[in-house]
Amino acid sequence: MPNADRGSSRNIGDGEAIGELALEEPETDRWEIEPWWLDAVIQVLGASEDDRDPRVYLPGRLGRVALHRRPESGRAWVHARWRKEDDRVYGDLRAYDEE
């Protein structure tokens, strides 16, 4: 089974991170988006933790997924951030391919 090279993630502060991901062997005939690639995108959220907050947040569900088109390449940039509203915490992820 192919896997996603986690690449690198960097915390840019204030609950945000940028990550670069690569898919070693895209399976364009099998998936709209490979599950392990989606997992790697979610992993960038862990790098976006706010150092001032001692709690650890884990995604509990996906509220919305919008796929505008299948990634054209095996590489993507991911922007992850935690957003707090009242007593709830949301993780926002946006992934962009090289195209």
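D92 and R83 form a salt bridge in which the closest N and O atoms lie 2.8 Å apart. This contact belongs to a network of salt bridges that links R81, R83, E85 and D92. The model is predicted, and its salt bridges number three by the rule applied. The largest pocket holds about 1,200 Å³ of space, and β4 is the element that gives the most to its lining.

**Salt-bridge network**

- D92 also meets R81 through their side chains, in a salt bridge of 3.2 Å from N to O. This pair joins distant parts of the chain, with D92 in strand β4 and R81 in strand β3, eleven residues apart.
- The side chains of E85 and R83 form a salt bridge at 2.4 Å, N to O.
- R83 thus appears in two of the contacts described here, one with D92 and one with E85.

**Exposure of the network residues**

- D92 has a relative accessible area of 22% and is therefore partly exposed, since the buried class ends under 20%.
- R83 is partly exposed, at 25% relative accessible area.
- R81 is partly exposed as well, with a value of 31%.
- E85 has a relative accessible area of 38%, which also places this residue in the partly exposed class.

**Largest pocket**

- The lining of the largest pocket consists of 33 residues, of which R64, V65, A66, L93 and R94 are the closest to the pocket centre.
- Three elements give two or more residues each to this lining: α1 (35–47), β3 (75–85) and β4 (88–97).
- The contribution of β4 amounts to nine residues, the most from any element.
- By residue class, the lining comprises 21 nonpolar, eight charged and four polar residues.

**G63 and its surroundings**

- G63 is located in the loop between α1 and β3.
- G63 is exposed because its relative accessible area is 65%, and the exposed class covers values over 50%.
- The C-alpha atom of G63 is separated by 9.2 Å from that of Y90, although the two residues are 27 positions apart along the chain.

How values were computed
Residues numbered from 1 in each chain as written. Predicted model: local features only at pLDDT ≥ 70, side-chain atom pairs only at ≥ 80, totals over all residues. Heavy atoms only, no water. 1 Å grid on protein atoms, 1.4 Å probe; cavity = no way out; pocket = protein on both sides within 12 Å on 5 of 7 lines; lining within 4 Å. Points joined across faces, edges and corners; volume = space filled by probe spheres on them. Helix = DSSP H or I, 4+ residues; strand = E, 2+ residues; numbered from the N terminus. Nonpolar A, V, L, I, M, F, W, Y, C, P; charged D, E, K, R; others polar. Buried < 20%, exposed > 50% of the residue type's maximum accessible area, 1.4 Å probe, protein only. Salt bridge = Lys/Arg side-chain N within 4 Å of Asp/Glu carboxyl O.
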